[in-house]
Amino acid sequence: MHRTLIVARMKEHDAQAVADIFAESDAGELPAMLGGTGRTLFHFQGLYFHLVEAERDIGGNISAARNHPLYREVNDKLGEFISPYDPNWREPKDAMATPFYQWRA
């Protein structure tokens, strides 16, 4: 299992709108195209955390899909609610957290 954590900014009152955008997208082809097997969204004091689970690292798939119409549609809709944490953000990998410790039973 591989996990990718995306960090950005979001107002708490926009959580349901963001969830609705992903629910619509997750019912389609995009998650399988990117290699995702699960998604969990979190918010905390103006921050947005997007945990994507997959069989393998999907960072390359996300970068490659940036110009695909399904990806663009979701990204454009989210643009109303999500903003980069890092003002120097240029591409999806710039919003991905770096794991530094992991434990499993």
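This report describes strand pairing and the two largest pockets in a predicted model.

**Strand pairing**

Strand S1, which spans residues 2–10, pairs with two other strands. Its partnership with strand S3 (residues 47–54) is antiparallel and is made through eight bridges. Within this pair, Val-7 of S1 has Phe-49 of S3 as its bridge partner. Strand S4, covering residues 82–84, also runs antiparallel to S1, and three bridges join the two. Here Met-10 is placed opposite Ile-82 of S4.

**Pockets**

The table sets out the volume and the number of lining residues for each pocket.

| Pocket | Volume | Lining |
|---|---|---|
| Largest pocket | about 620 Å³ | 29 residues |
| Second largest pocket | about 350 Å³ | 14 residues |

In the largest pocket, the lining residues nearest the centre are Ile-6, His-50, Tyr-71, Asn-75 and Leu-78. Two or more lining residues come from each of S1, helix H1 (15–26), helix H2 (30–34), strand S2 (36–44), S3, helix H4 (69–78) and S4. The lining of this largest pocket comprises 20 nonpolar, seven polar and two charged residues.

The second largest pocket has His-2, Arg-3, Thr-4, Leu-5 and Pro-99 as the lining residues nearest its centre. S1 supplies the largest share of this lining, with four residues. By class, seven residues lining the second largest pocket are nonpolar, four are polar and three are charged.

Strand S1 thus appears in both parts of this account: S1 pairs with S3 and with S4, and S1 contributes to the lining of the largest pocket and of the second largest pocket.

Methods
Residues numbered from 1 in each chain as written. Predicted model: local features only at pLDDT ≥ 70, side-chain atom pairs only at ≥ 80, totals over all residues. Heavy atoms only, no water. Pairing = 2+ DSSP bridges. 1 Å grid on protein atoms, 1.4 Å probe; cavity = no way out; pocket = protein on both sides within 12 Å on 5 of 7 lines; lining within 4 Å. Points joined across faces, edges and corners; volume = space filled by probe spheres on them. Nonpolar A, V, L, I, M, F, W, Y, C, P; charged D, E, K, R; others polar.
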